[in-house]
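Work through the exercises below with the sequence and the structure open. Each task is followed by a solution in steps.

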Amino acid sequence: MSEIEELNWKISAKAGEGVMSSAKLFAKACKRQGLAVFNYYEYPSLIKGGLQSGQVRAALLGATCQRRHLDLLIVFHEKFINDHLSELNENSLVIVNANNFDPSKYPELKSQVVAVNLTKIARDQGANPLAANIAALGLSARVFAMDLQIMGRVVVEEFAKNKEAATKNLLVLKAAFELTDELIKQGKLTGQGNLISTGVDEQLLLTGNEAIGLGALSAGLQFYSAYPMTPATGLLHFLAAEQNNYPIVVKHAEDEIAAINHALGASFAGVRAMTGSSGGGFALMVESLSFAGVAEIPLVVLEAVRQGPATGLPTWTSQGDLNFILGAGHGDFLRVVLTPGSVEEHFVFGKLAVELAEKYQLPVLIMSDKYILESHQTMPKMILTNNNQRFAMLNDGRLGESGLGDGEYLRYKASEDGVSVRSIPGQGNALQLTNSYEHDQYGFATEDAVETKKAVDKRAAKLLALQKELPKPLYFGATNPEQILISFGSTINVLREVLLSPISSQIAVIHLPCVYPFPTQEFEALLADKIAELFVVEGDATGQLAGLIQRETKIKDLRLILRYDGRPFYSEDLLEFLQSGQLNQQYKLL
Amino acid sequence: MNEITLANLLSPVQPTWCPGCGNFSILTALKQALVELNLKMDEVVIVFGIGCSGNTADFIKCYGFHALHGRGLANAVGIKLANHRQKVIMIGGDGDLYGEGLNHMVAACRGNHDITTLVFNNHRYSLTTGQTSPTSAKGTVAKSTPQGLIEDPIGALSIAISNGAGFVARAYAGKLKQMVELIKAGILYEGFSLIDVQQPCPTFNKEQDYAWYQQNVMDLSAEYDPSNQGQALVELLDKDKLSLGVLYRNDQRLAYHQEVDVLKEKSLIEQFPQTVDLSKAIAEFV
């Protein structure tokens, strides 16, 4: 059997049948073999039933997104084959969790289909029938000739808290591996090649949510409050669990308004604070975002976009909240909107957001989406130790005597760069009033015209220094491309795979990791000497990013590739479009 | 570190309340209570709501947080969790705390967060020129309810008591000494304390003036046992009866922060992580 450097694997079952853990463990085993991995989930907004899938792409190079065409598909219920027909071809192997399979029912299916009763394998080992999802792993390990030892360790670690379950699952894994080996020997099933193993496993495998959490923790985040809402809930769960290991308080608030206001209170009292939600919950926070703006309270907010409007498609991706995030909050105030792409960038920006918020005393929004926040992606292991310093805080945030005389301190003291040193409760001779009203330098409310203009100008003055610290647009690909694809946020994960194709010599990609304040100069500079057709690839129906670019730069001539059906872009679709001009009908070209 | 004195608490900003407003005496009582508790200036944070009562923010020198309408208690919860060594006091009106922010008040009660909440209850939205509030009597005629208020007044204190608030009292702006004692007891109480202060609004509430209050308020009897939750709820069933004093006090329940593991030895702000080692956090991603 030949060695393979990549695979596309998918498991499809009803909600509650263990698809997510199966896919996560398979992804982890691939990572342990030293490969890059992307693991994408699709699931409906319900707890039992419905179609749920987890799909893993692993490769020696790339694997930054999912791919459509599958090497192995495992369906727990035969009828689900119909949901995946477009993902199968003559090279695909399909495993149906059943005793037998009648191919005549699926005339259009060109793949090899084999019935293997995974549930029976689990039952025969005395395990819970739900361990069919582990049997699927044993089968997969054999189909791709993976290291069973590695897969076994991954399974045992997953069930570390329950020794009995770990033992039984290990038996199931081995039994499925051996049975598949038998089937291959009998010629009833054809393996899909030997998955390469590099022997070097220096990466982490985690979701965008977890990466933001890690980044924020490393930056000394000490307070997170939220109300559960998909797809931001993963961050709440991750940080809540870390309360055992780090000095952080996580508060499940009574609603999103409370969540953001808890965070504002904690931040005022001096701890680094954050909240998060999806569009609907963020809508409830908006008045308070404006408060953070006028009162100069450091705050980080994750806006985890899902397909709206309103309740929309709760578990499906979108970038359609861009304009809302840019404009959220009444009145004029400065904000930062970070739009990380890869999981690694989510880690870096989790940290950056916490630091920028404190340094410039303003709200920093991280806009991401269901696609990358809930997908697992590999990233290089970071430096594990991080030293934190405090920014623009009286006595670096230490409580007690401040060394100041009575009446000397002014919370909103005028300053050239707009940033005033912030005192916190518990510091001597540094009383202040953090005020939602427009205010004077102490913090007392004012309606004076001159004072008001000064205060507005002071806050706006932060822009100059702030801009220098923001992530700049990134350019990948050909120097003199025929086409340039422009994107923000998670879409870069897909565009990177487009760049892996042979046509990459004629295309380039621009990723915007920060859309506000917009990097006008840098963006224009990237396009200055280019004579290429410009396509903005974005996950909304109206071209919100394109509109922003047209508003903030000289660049007006843009074409749009839009997707707004809750599904992510596929590199195959974009490649096809670039090569043939044919665009997947679920997309829209403007 | 500065002691709290009346001189230190004095703000350079003159109150903008109407002559005869109950807010003057409530502010006097609060300042007196803070002085008598022998606290330091930097040991107290006051969160202010929006309304005539919230404007107190400008009339007292302290670590202050002038919040959005209705949201102050949510801020106070965050402040207390970040630095539980601070005495956290919330000042707001009946509209702010019992109307716009009621969900936050219920949550603060349920968590028994150690916050002392003073509700300046004048039964009106006075800063917006006198509309009815959640505590206005049924039938009240005001600019937003010219045909008379249809709703019943809210049973805010019953809500607090039945949802876990550890200390619930009622005061009256015309009885200064009692107010001072109740505020002191509320601040010393480790848990959520709600002090509903009945106050006249001479501009927009002509029905409930000082003379009306003199006839309608009365102290709880000497036999009243504030540890009896059922009795407290019965006492509050008659919404026309404005009994003054500690209606309910639960000394068995811990405050929220006392049940948070990471806050058992130090406050959160005292644990700022100068160095973070991510080894534990990445263990599941390896």
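**Exercise 1: a core residue**

Task: List the contacts of A:Ile549, leaving aside its neighbours within four places in sequence.

Solution: In this predicted model, A:Ile549 is in contact with A:Ile486, A:Leu512, A:Phe518, A:Phe523, A:Val536, A:Ile555 and A:Leu558 once those neighbours are set aside. Next, place it in its core: the largest nonpolar core has 141 residues, and A:Ile486 and A:Ile549 touch the most other members. Helix H9 (residues 279-295) of chain A gives this core its largest share, eight residues. Another core, of 77 residues, lies apart from it and includes B:Ile282.

**Exercise 2: an open sheet**

Task: Find which strands stand at the edges of the six-stranded open sheet in chain A.

Solution: Write down the order, E20-E22-E21-E24-E25-E26, with mixed pairing. Strands E20 (474-477) and E26 (587-589) of chain A each have a single partner strand, so they stand at the edges and one side of each is left without a neighbour in the sheet. From one strand to the next, the twist averages 20°. Then take one pairing: E21 (residues 483-488) and E24 (residues 533-538) of chain A run parallel and are joined by four bridges. A:Ile484 has A:Leu534 in E24(A) as its bridge partner.

**Exercise 3: a ring pair**

Task: Classify the pair A:Phe38 and A:Tyr371 as stacked, tilted or edge-to-face.

Solution: The ring centres are 5.6 Å apart, and pairing requires centres within 6.5 Å. The planes stand at 50°, so the pair is tilted. Both A:Phe38 and A:Tyr371 are buried.

Terms used: Residues numbered from 1 in each chain as written. Chains lettered and ligands numbered in written order. Predicted model: local features only at pLDDT ≥ 70, side-chain atom pairs only at ≥ 80, totals over all residues. Heavy atoms only, no water. Pairing = 2+ DSSP bridges. Helix = DSSP H or I, 4+ residues; strand = E, 2+ residues; numbered from the N terminus. Axes fitted to C-alpha atoms, helices over the stretch in contact; angles between N-to-C directions. Core = buried A, V, L, I, M, F, W, Y, C linked by side-chain atoms within 4.5 Å. Buried < 20%, exposed > 50% of the residue type's maximum accessible area, 1.4 Å probe, protein only. Contact = heavy atoms within 4.5 Å. Phe/Tyr/Trp six-rings, centres within 6.5 Å; stacked < 30°, edge-to-face > 60°.
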